[in-house]
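Good morning. I have one structure to go through today, and I will keep to what can be read from it. Please have the sequence and the view open.

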Amino acid sequence: MFILPHIKQALENLLNAADIYDPNLNMHIASAYRDYETQKQSFDYWVNKRVAQENMTYAQAYEYTAGRVAIPGCSEHHNGLTLDVIGYGYMLDESSKDAPYAKWLK
């Protein structure tokens, strides 16, 4: 994963602090830098999945997805300064909001 050097150092400090606090948090990086095309593929995947599996219209699926996944060209991941940190066994969604790692991050 591409991570800018000063971000990498901050990340290492964060993960080390988490391990000291509770080694069972098992935090890691789920994603880092994403270019426009990668973000577009991800966004389109979720829109199309919702159309096919959740009986949404394209407009409904687009709006729903846009509330949860950055629209291509608008993602903070494009600048190399944003990382998604998660605990092993969890998803990057609302189901993780009360997970031990999420509470520690807050």
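I will begin with the whole chain and then go through a few places in it.

First, a caution: this is a predicted model. Every number I give is computed from that model.

Let us start with the overall layout. The chain has four helices and two strands. Reading from the N terminus, the order is α-β-α-α-β-α. If you lay the C-alpha trace along its principal axes, it spans about 45 × 30 × 20 Å. There are 106 residues in the chain, and 30% of them count as buried. The accessible surface is about 7200 Å², with 53% of that belonging to carbon and sulfur atoms.

Next, contacts along the chain. Take the contacts with a sequence separation of 6 or more: 65% of these are between residues 24 or more positions apart. As for charge, the chain has 9 positive and 13 negative charges, and the mean positions of the two sets are 3 Å apart.

Now to the aromatic residues. How many aromatic pairs does the count come to? The count comes to five. One of them is F43 with Y62, an edge-to-face pair with 5.0 Å between the centres and 70° between the planes. F43 belongs to helix α2 and Y62 to helix α3, which covers residues 58-66, so this pair ties together parts of the chain that are 19 residues apart in sequence.

Is F43 buried or exposed? F43 is buried, since its relative accessible area is 1% and the cut-off for buried is under 20%. Y62 has a relative accessibility of 31%, so Y62 counts as partly exposed.

Y62 has a ring partner in Y58 as well. Here the ring centres are 6.2 Å apart and the planes stand at 40°, so this pair is tilted. Y58 and Y62 are separated by about one helical turn, because they are four residues apart in helix α3. Y58 is partly exposed, at a relative accessible area of 48%. Taken together, F43, Y58 and Y62 are linked into a cluster by ring pairs.

Another aromatic residue to look at is Y64. R68 lies over the face of the Y64 ring, 3.6 Å from its centre.

Staying with helix α3, please find T65, which lies in that helix. T65 is buried, with a relative accessible area of 0%. What does T65 touch, if we leave out residues up to four places away in sequence? The answer is F43, W46, V47 and R50. F43 is the residue we met in the edge-to-face pair with Y62.

For a contrast, look at another threonine, T38. T38 sits in helix α2, residues 36-53. Its relative accessibility is 35%, so T38 counts as partly exposed. T38 and H6 are 32 residues apart in sequence, and their C-alpha atoms are 24 Å apart in space.

Now the loops. Which residue in the loop between α1 and β1 is buried at 5% relative accessibility? That is L25, which is found in this loop and counts as buried at 5%. The C-alpha atoms of L25 and A99 are separated by 9.1 Å, although the two residues are 74 apart along the chain. Leaving aside neighbours within four places in sequence, L25 is in contact with A18, G87, Y88, P100, Y101 and W104.

N26 lies in that loop too, between α1 (5-21) and β1 (27-31). N26 has a positive phi of about 50° and is not a glycine. N26 is partly exposed, at 40% relative accessibility.

Where is N55? N55 is in the loop between α2 and α3. Its phi is near 55°, again a positive value in a residue other than glycine. N55 counts as exposed, because its relative accessibility is 73% and the cut-off for exposed is over 50%.

To recap, keep two places in mind. One is the ring cluster of F43, Y58 and Y62. The other is L25, a buried residue in the loop between α1 and β1. That is the end of my part.

Definitions and conventions. Residues are numbered from 1 along each chain as its sequence is written. This is a predicted model: local features need pLDDT of at least 70, side-chain atom pairs count only at pLDDT 80 or more; totals for chains, interfaces and linings use all residues. Side-chain values use heavy atoms; hydrogens and water are left out. Buried means under 20% relative accessible area, exposed over 50%, partly exposed in between (1.4 Å probe, protein chains only). Contact means heavy atoms within 4.5 Å. Accessible areas come from the Shrake-Rupley method with a 1.4 Å probe; for residues, only the protein chains shown count as cover. Lys and Arg count as positive and Asp and Glu as negative; His and the chain ends are not counted. The place of a charge is taken as NZ of Lys, CZ of Arg, CG of Asp or CD of Glu. Rings of Phe, Tyr and Trp (its six-membered ring) pair if their centres lie within 6.5 Å; planes under 30 degrees apart count as stacked, over 60 as edge-to-face and the rest as tilted. A charge sits over a ring if NZ of Lys or CZ of Arg is within 6 Å of the ring centre and within 35 degrees of the ring normal.
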